[in-house]
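Colleague: I would like to learn how to read a few features of a protein model. Could we go through them one by one?

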Amino acid sequence: MELLQPKELFLLLRHIINQDNIYLLNPYPLQETGDKDIKLFTSEQGIDYILEMLDYSSRLPDPIIGSIYTFNFDRTTPKEKGELPDLRIRDTVLYFVSLYLEENINAVITICDSVDRRERGRYHVFRKWFDAISIEQLEKIDREVECEDLKIPCSLFIHTNNPEKEYILSFFHNISFNY
């Protein structure tokens, strides 16, 4: 089993990233919530965010060695006019996700929420964030899941040496949502 500690993985991300993108060096500090899979942070503009990983492994028909997580990211402060773009938010999200990919037995699925019909915009933002980095040991697979009249964009992040990669890929390609 290949194991990278969170700081080592983050340093690898920082080393591999395009050097013009220096903000990846500066994620916001994560605040504990009492739940190891939920973290909070506040931007310099005073905007509060929540980062959450939900263990999705129970949806698999057969158990796996590691875990599959779904990633949730949301702001808890209402949006206001005049907010400036903040690349440290991206850095914080990438760092948080990297914590769950430190072991090659885990995988992370991102599902772009469709409640407000802005799932396409979310997908493009996340794609842009993750395309800014290149990690040799990590694969990103994209697909759309049809749900009623929507096509919901999803991505799977998986270590290239995950011992159950084929099983997880099969699960991801056959995933469906029932709302």
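Modeller: We will take one loop residue, one helix and the cores.

Modeller: This is a predicted model, in which local features need pLDDT of at least 70, side-chain atom pairs count only at pLDDT 80 or more, and totals for chains, interfaces and linings use all residues. Residues are numbered from 1 along each chain as its sequence is written, and side-chain values use heavy atoms, with hydrogens and water left out.

Colleague: Is Lys36 buried or exposed?

Modeller: Buried means under 20% relative accessible area, exposed over 50%, and partly exposed in between (1.4 Å probe, protein chains only). Lys36 has 60% relative accessibility, so Lys36 counts as exposed. Lys36 sits in the loop between strand S1 (31–32) and strand S2 (38–42); helices (H or I, at least four residues) and strands (E, at least two) are DSSP runs, numbered from the N terminus.

Colleague: What span should helix H2 have?

Modeller: The expected span of a helix is 1.5 Å times one less than its number of residues. For the 14 residues of H2 (residues 87–100) that gives 20 Å, and the end C-alpha atoms are 21 Å apart, which agrees.

Colleague: How many residues of H2 are buried?

Modeller: Twelve of the 14 are buried, including Val93 and Val97.

Colleague: Which residues touch the most other members of the largest nonpolar core?

Modeller: A nonpolar core is a set of buried Ala, Val, Leu, Ile, Met, Phe, Trp, Tyr and Cys residues joined through side-chain atoms within 4.5 Å. Among the 20 residues of the largest one, they are Met53, Phe71, Val93, Val97, Val108 and Phe130. H2 gives the largest share of this core, six residues.
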